[in-house]
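This report describes one protein structure, moving from single helices to the protein as a whole. Please keep the structure open while reading.

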Amino acid sequence: MMLMGLLAVAACTSIETPEPVEGSSPELCAIDSLMWLQPDSALAVLLEYDGNTDGFNGHYAQLLASELLYKNDYEQTNRPELQRAVGYFDSLLVADTRHASTKTTAFLAARAHYINGVGYYERDSVVEACKEYLNALEIMENHFEAKELVGHKARFMAYTYNRLGDMFAEQFMMEPSIDCYKKALVYCKIEPTSPQGVSNILSRIGLQYDKLGDKEKMRDYYSQAQEAMPNPENLSYRDLSSGIALSNYQLGYGINQSLEVLKQIVVKAEDESERLTRYLTIGAIFTEEGMYDSAVFYLESVLENEKDLVSQIQAAEYLRIIYDSIGDNEKLHQCLHFLALQKKPESQNKALVSQLEELFKTYMNQKLEQKALQEKKEAVSKTVKIVVPVIVFVCVCIIFIIKRRNKRRMKVEIVTLRMQQAALSGKLKKSNEALRDTSKQLEKAMAEKAAFEQRASVKDYSSFRGSLICRQILETVENQYIKSKMDCSVYKEYALSKEQLQSLRDSADEYMAQFTTRIRNQFPKLTDEDMNYCCLYMLGLNDAEVSALMQRAYPTVCERNRKIRRIIGETNNLSFALRNL
């Protein structure tokens with residue numbers, strides 16, 4: 001009766017039914033089908049299962065029990081039985097067999113390794129959990145072709161890669177984490193893990209790029225995550241909007257627009273925790289701008305009231321910088337004491353990261369070796385299929401010609417061939433001589449052009465520095481000792497007006513062959529504001545001097561310097577790189 005009810009549910013809800021294995025219980029297969037859509041109902045039915053618990057069905061039932069406990073947020077209580085099931089399913093796998101029953105067993109073995117990894121992770125055995133997740137992936141990739149990884153199998157692959165991505169992200173291993181999340185995204189698009197599955201993975205990728213300092217990719221993935229989200233009226237959507245607003249500020253699009261968006265999001269906060277999360281973002285922006293009074297208001301609220309330890313640590317880090325800058329030693333010591341208590345043993349963390357990196361590197365190397373071996377086999381097979389018939393055909397033709405042609409005709413053909421070769425050789429020799437002459441002329445012209453451009457660039461740059469606006473700027477900072485740690489408002493009298501900045505850009509274009517237009521065409525990601533900074537750095541000014549002239553906080557100017565160098569592909573001195581361009 002129970003089996004008929006389960007089969008009726010499966011039929012009504014179009015649940016994908018796993019292929020049965022010889023000797024497997026129909027009741028367990030029905031519970032398995034129900035689990036992917038209604039795990040709570042499947043657990044209730046499994047608790048009433050009183051079938052055979054020996055052999056295949058016994059291990060199958062223990063696997064389902066572990067999966068259903070996890071899907072219903074219960075602790076894994078059958079670990080010894082599950083681990084015996086892992087060994088049992090592994091023993092059933094037959095190498096290089098593509099029968100349907102073997103593939104079904106392989107899927108069960110992969111699921112057993114995955115859920116065993118979950119159990120390890122629940123017990124803080126991160127390395128063992130990582131090994132089991134990688135074992136699950138290897139089994140799936142060794143027993144299924146890419147076109148077969150659909151339905152439940154695609155969802156399972158997305159789950160596994162997501163778990164690995166989360167694990168690496170927790171250890172600040174951003175690049176392996178991004179790699180795993182992108183693979184999870186491929187499978188989640190084939191078979192979504194949830195209505196928000198694709199959006200969640202995109203946001204996770206964006207977060208890892210944020211940790212790497214790549215704000216543009218972070219913003220791009222956050223925007224994609226918003227577009228993929230079915231319902232914009234939720235916490236996740238507001239988190240993404242907050243991240244985009246912060247990245248826009250960090251990319252130099254101005255503080256006012258970003259703060260306006262963040263304050264609108266604060267109004268929509270559903271609880272205290274969300275409100276404090278927005279406070280942390282706003283406080284970070286005020287800190288970057290050197291607006292310490294405003295920053296302290298937001299950040300102290302986070303440190304005192306937030307329950308999330310990571311957010312508290314971030315707030316304490318910002319407050320440490322502020323208290324140090326304003327000379328509040330008492331509160332500075334309080335922040336340092338709090339941060340010291342939260343710091344994990346560095347040697348222990350490094351050892352864990354090293355083990356995880358080695359496991360993932362080994363897995364990727366094995367995967368590449370298998371791919372190369374498969375491609376080699378396919379290439380050899382393709383070559384054999386093409387070459388063998390060609391060789392046979394050529395041999396038959398040669399034998400036929402040899403038998404039909406007499407010696408006289410062969411001699412005539414040989415003489416004719418030699419004459420043709422001689423004629424062709426003469427033409428080729430003349431062509432080579434003409435080509436060498438042309439190459440020499442071209443090399444001479446290029447050398448003359450390079451010498452002329454080098455002379456012209458030196459003269460043009462000298463003229464640019466000698467222009468009226470440039471002389472005014474250089475004279476302004478020449479006898480001043482501008483400090484990087486001072487608030488930029490101290491040097492407000494040196495601020496450049498919009499008209500002066502426009503005159504600076506005009507001079508660069510006049511004396512250096514439309515410098516700003518050429519740079520913008522070559523690097524479209526540079527904004528108009530970026531070009532103001534480029535022209536100032538062309539004069540050889542340092543970050544502190546630019547901070548005073550542009551009236552921007554010193555950290556903000558440093559971030560702008562790094563952004564411009566990242567766009568033009570320069571890692572060292574920006575002034576030297578711009579003059580070379």
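In this predicted model, helix α2 (residues 26-35) is largely enclosed by the rest of the structure, because eight of its 10 residues are buried. The buried residues of α2 are L28, C29, A30, I31, D32, S33, L34 and M35.

Helix α10 (residues 197-212) can be checked for its length. At 1.5 Å a residue, its 16 residues should span 22 Å, and the end C-alpha atoms are 23 Å apart, so the two values agree. Buried residues of α10 include G197, V198, S199, I201 and L202. Further along the helix, S203, I205, G206, Q208 and Y209 are also among the buried residues. Which helices do the buried residues of α10 pack against? They pack against α8, α9 (174-190), α11 (215-228) and α12 (235-250). Just after α10, G213 has a positive phi of about 90 degrees.

One of those partners, helix α8, covers residues 151-170 and contains R163. R163 is buried but has no salt bridge. How far from R163 is the nearest side chain of opposite charge? That side chain belongs to D166 and is 6.2 Å away; a salt bridge would need the charged atoms to be within 4 Å. Leaving aside neighbours within four places in sequence, R163 is in contact with Y70, Y114, V118, Y121 and Y133.

Another residue to look at is T281, in helix α14 (residues 272-288). Is T281 buried or exposed? T281 has a relative accessibility of 13%, and therefore counts as buried, since the cut-off for buried is under 20%. Not counting residues up to four places away in sequence, T281 touches S242, L246 and L262.

The surface offers a contrasting topic. I386, V390, F393, V394, I398 and I402 form a nonpolar patch there, and together they have about 580 Å² of accessible area. One of these residues, V390, lies in helix α18 (residues 346-404). V390 counts as partly exposed because its relative accessible area is 45%.

Next come the backbone angles. Most residues other than glycine have a negative phi. The table lists two residues that are not glycine and have a positive phi.

| Residue | Phi | Citation |
|---|---|---|
| D124 | near 65 degrees | positive, not glycine |
| A513 | about 50 degrees | positive, not glycine |

Where do these residues lie? D124 is in the loop between α6 (100-122) and α7 (126-143). A513 is in the loop between α21 (498-511) and α22 (515-522). D124 counts as exposed because its relative accessibility is 67%.

Finally, some totals describe the protein as a whole. How many helices and strands are there? The protein has 26 helices and zero strands. Of its 581 residues, 41% are buried. Among contacts with a separation of 6 or more, 61% are between residues 24 or more positions apart. The accessible surface of the protein comes to about 33500 Å², and 54% of this surface belongs to carbon and sulfur atoms.

Methods
Residues are numbered from 1 along each chain as its sequence is written. This is a predicted model: local features need pLDDT of at least 70, side-chain atom pairs count only at pLDDT 80 or more; totals for chains, interfaces and linings use all residues. Side-chain values use heavy atoms; hydrogens and water are left out. Helices (H or I, at least four residues) and strands (E, at least two) are DSSP runs, numbered from the N terminus. Buried means under 20% relative accessible area, exposed over 50%, partly exposed in between (1.4 Å probe, protein chains only). Patches are made of residues with over 30% relative accessible area and no salt bridge: like charges are joined within 9 Å, nonpolar side chains (Val, Leu, Ile, Met, Phe, Trp, Tyr) within 5 Å. Accessible areas come from the Shrake-Rupley method with a 1.4 Å probe; for residues, only the protein chains shown count as cover. Lys and Arg count as positive and Asp and Glu as negative; His and the chain ends are not counted. Contact means heavy atoms within 4.5 Å. The expected span of a helix is 1.5 Å times one less than its number of residues.
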